[in-house]
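Reader: I've got a protein with a ligand on my screen. Can you walk me through it, bit by bit?

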Amino acid sequence: MRVIAIAIVAENGVLGDGQAQPFEFAEDWARYKRVTSGHPMVMGRATHEAIGRWLPGRTTIVVTRSPEQVELPVEGSSAVGLTAGSVEEALRLAADLDDEIYVAGGGQIYAQAWPYLTDLDLTEVHASAEGSVVLPEIDPAEWREIRREPRGAFDFAGYTRRTPPLALPRAVPDGRPMPDLPREQGPPDEASP
Ligand SMILES: NC(=O)c1ccc[n+]([C@@H]2O[C@H](COP(=O)([O-])OP(=O)(O)OC[C@H]3O[C@@H](n4cnc5c(N)ncnc54)[C@H](OP(=O)(O)O)[C@@H]3O)[C@@H](O)[C@H]2O)c1
């Protein structure tokens, strides 16, 4: 089971300002799409709204305390959308769909998912950015770098956790039954990310 945080991060740890992310590179979006397609993604409601649409070819689980305010994808689209009332519930739902799941932010969700993560898949930009949303610190005692691909303005970097992560809870915290899960996903379309 791999629980992977995927993010693009400034050298000062900044991920965004609460509305948008500070950097966009076509090569990074293309890789993001290639890596995450076919796998469930967990993201916070703010990040879902910042993206502005359901990502095709993936099941996205949006963490929110107000699920009634999240408009689900239209029938027949290749995007599948669900909501969850906590990060743990979202991770459990995702883990029931696949053994490779992606945590896509933002800051609140990375922080709460951090103990459950097995891997970090980062695009590390060689510049600082302004913003209050940051990635938790990557403690070298906890994380081992396993991959680094320099790309000029940024590196693609991978880390794996040195010691086992916290086990995912088996059921949602308040004991509610798990919702029915969609099992089928269509192929991704050509739109990015
Ligand atoms: N650089 C990157 O790779 C990257 C990736 C993703 C996002 N971002 C950036 O990060 C920023 C957004 O991050 P953010 O930290 O402000 O917001 P976020 O983590 O995307 O979402 C926060 C929302 O998630 C829900 N939530 C959080 N914890 C919850 C819990 N325990 N139970 C139920 N719901 C919970 C709440 O939604 P409700 O208010 O609906 O209850 C909360 O308002 C944006 O600037 C975005 O562009 C950057």
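Author: Happy to, starting with the order of the elements. Helices (H or I, at least four residues) and strands (E, at least two) are DSSP runs, numbered from the N terminus. Read along the sequence, they go β-β-α-β-α-β-β-α-β-α-β-β-β-β. This is a predicted model, where local features need pLDDT of at least 70 and side-chain atom pairs count only at pLDDT 80 or more, while totals for chains, interfaces and linings use all residues. Residues are numbered from 1 along each chain as its sequence is written.

Reader: How many helices and strands does the protein have?

Author: Both kinds of element appear in that pattern. The count is four helices and ten strands.

Reader: What is the mean pLDDT of the protein?

Author: pLDDT is the predictor's confidence in each residue, from 0 to 100. In this protein 88% of the residues reach 70 or more, and the mean is 90. Watch residues 180-191, though, where the pLDDT is below 50.

Reader: Which elements each supply at least two residues of the shell around the ligand?

Author: A residue is near a molecule if its C-beta atom, placed from the backbone, lies within 6 Å of it. On that basis 30 residues surround the ligand, with G16, G44, G105, G106 and G107 the closest. The elements you're after are β1 (2-9), β2 (14-16), α2 (45-51) and α4 (107-113).

Reader: Which residues does the cis peptide bond join?

Author: Most peptide bonds are trans. Here the cis bond has an omega of about -5°, and it joins G105 and G106.

Notes
Two residues are in contact if their C-beta atoms, placed from the backbone, lie within 7 Å.
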